[in-house]
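Hi everyone, thanks for making time this morning. I'd like to walk you through one model, starting with its strands and ending with its cavities. Please have a look at it first.

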Amino acid sequence: MNQYDQFIQDAEKKTFDLEHRRKINFNINKYNTAVENVSSQFVDHDFGRQRAAYLKTQVIENLDKYLIEFEQKFLRNGGKIIWARTKEEALAELKVIFKEKKARAAVKSKTMTAEEIQLTDFMEQFGIETTETDMGEYIVQLAGQKPDHMVTPAMHFSKKDISNLFHKKLDTPQTDDISELANIARRVLREKYLEADIAVTGANFLVADIGGIAITENEGNVRLGTTFPKTHIAIVGIEKLIPTMDDLALFWPMLAHSGTGQELTAYNTILTGPRKPTEPDGPDEMYLVLLDNGRTKLLQDAEKRQALNCIRCGACLNVCPVYKNIGGHSYGSTYNGPIGAVITPHYEGMEKFKHLSFASTLCGACTSVCPVKIDLHNLLLLNRQQSVEEGYSPGSEKRGYKLWKMAMLKRSYMNLLGKGLKNFFLGYMFGEGWGKRRELPKVAPKSFYELWKEKEKANK
Ligand code: SF4
């Protein structure tokens, strides 16, 4: 089954799964209340959004300069950098490290970029046991699933689902006490931190002026994960740069507000390379994989490159009427929701993922909440335009528009067809896109032209 057919099948299934919708909406409503409660921390939130958009645009427009500045500082701090143009290049380099370290176990903390390169499956091929340490990620890993949301990966699980899962997989007693569920995960994970040779993380920001990575989280697992293992590997997209440490004063609260409805996330960590001789803990080596994987392709496009400004807060998912009905898994991509629909065709191929840009009502709710003011709904339109220009429209649509154009340019052609044939052609051209659950509008029994002629005749 191709990606499009799979998407239609999965989206339809999820849309009619009322229990799934109830869970997603329950969690999104909690998020909405939290965001509302902390909104007052900004004197002028929109001004903050403008500033954040300006800073990210500056970085993206001068990415070459900032990347080199970052690299120099990070190397000076004792870190090692791996430049990876593709996911295959990233995995090939990581394989060398895994072999050299004779790695047997790894702990991983929320990194969408590792999902993007399918790192866990790759590590398992080498017999490296990889454990997700973020609670949400751990739940989806235990369930054998992928994250459903970029910030809250287990958005589609209720407390009962989690209790059932733990009972089945970890043989723990059923409970609906959320702290007990967290304690169960904590007990399992603490052991894993001690056993791991390697810590894998992502990063929310690459801070150019200090050559460090900034990570924000609520459970402290990144701190634990990067304390015990001897090797830390961070996998980060090249677009995650911000110019200076001072900019974190804006980006951290903006991200916490839009991402989880907090004034500030509980743990905010800046890592500048491996453990220094005077430091008691931390990794002996720190590698940073700077991943391109389609980002420079997007950078070449002056209109669409603003999508690289994304700070992965997930706010656009939470307001999207499509995401709220079909959930994250239906997208079939690492990044889902509006931003996923915008960037995935550029990262994974327009032909394969163009349909995601059409799965939108273009209501603009995503654009209205984006903390870095990405014009998401218009970028979706530009993707649609690109996919048509690159010839990816279905044959029936192309033929349909050809006929439509002919008829529209010559009234006599239009008059050749009666109501029945016009309805047939409308169905032929738009039936599939319109969907089987909506009835296409019907052409009136008599056209305006015919009515006018009849009126003229009657008046004579
Ligand atoms: S596009 Fe904007 S709203 Fe969506 S995840 Fe990125 S920063 Fe957040």
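Let's begin with one pair of residues: Leu 206 stands opposite Leu 241 in E8. Leu 206 belongs to strand E5, residues 205–207, and two bridges join E5 to E8, with the strands running parallel. For the terms, two strands pair if DSSP finds at least two bridges between them. Helices (H or I, at least four residues) and strands (E, at least two) are DSSP runs, numbered from the N terminus.

Before going further, a word on the source: this is a predicted model, where local features need pLDDT of at least 70 and side-chain atom pairs count only at pLDDT 80 or more, while totals for chains, interfaces and linings use all residues. Residues are numbered from 1 along each chain as its sequence is written, and side-chain values use heavy atoms, with hydrogens and water left out.

Back to E5 and E8. They are part of an open sheet of four strands, in the order E8-E5-E6-E9, with mixed pairing. Strand E8 (241–242) and strand E9 (267–271) are the edges, each pairing on one side only.

Now, how many of the residues of strand E7 are buried? Seven of the seven, residues 231–237, so E7 is largely enclosed by the rest of the structure. Buried here means under 20% relative accessible area, exposed over 50%, and partly exposed in between, with a 1.4 Å probe and protein chains only. Both faces of E7 are covered: Thr 231, Ile 233, Ile 235 and Gly 237 are buried on one side, and His 232, Ala 234 and Val 236 on the other.

E7 has parallel partners. Strand E4 (residues 198–201) is joined to E7 by four bridges, and Ala 199 stands opposite His 232. Strand E10 (residues 285–291) pairs with E7 over seven bridges, and there Thr 231 stands opposite Glu 285.

A quick stop at Val 35, in helix H2 (residues 18–38). Val 35 counts as buried because its relative accessibility is 16%. Val 35 and Gly 261 are 226 residues apart in sequence, yet 3.8 Å apart in space, C-alpha to C-alpha.

On to the cavities. A cavity is a set of points, on a 1 Å grid over the protein atoms alone, where a 1.4 Å probe fits but cannot get out; lining residues have an atom within 4 Å of a point. Grid points are joined across faces, edges and corners, and a volume is the space filled by probe spheres set on the points.

The whole structure has two cavities of 30 Å³ or more. The largest has a volume of about 120 Å³. Its lining has 17 residues, with Cys 320, Pro 338, Ala 359, Ser 360 and Leu 380 nearest the centre. Helix H15 (321–326), helix H16 (337–348) and helix H19 (365–369) each give two or more residues to that lining, and H16 gives the most, with three. By class, the lining has 13 nonpolar, four polar and no charged residues. Here Ala, Val, Leu, Ile, Met, Phe, Trp, Tyr, Cys and Pro count as nonpolar, Asp, Glu, Lys and Arg as charged, and the others, Gly among them, as polar.

And which cavity is the space taken by the ligand? The second largest, with a volume of about 70 Å³. Its lining divides into 10 nonpolar, no polar and one charged residues, and includes Cys 310, Arg 312 and Ile 339. Thanks, everyone!

Key: 1 Å grid on protein atoms, 1.4 Å probe; cavity = no way out; pocket = protein on both sides within 12 Å on 5 of 7 lines; lining within 4 Å. Sits in = over half its atoms within 2 Å of the grid points.
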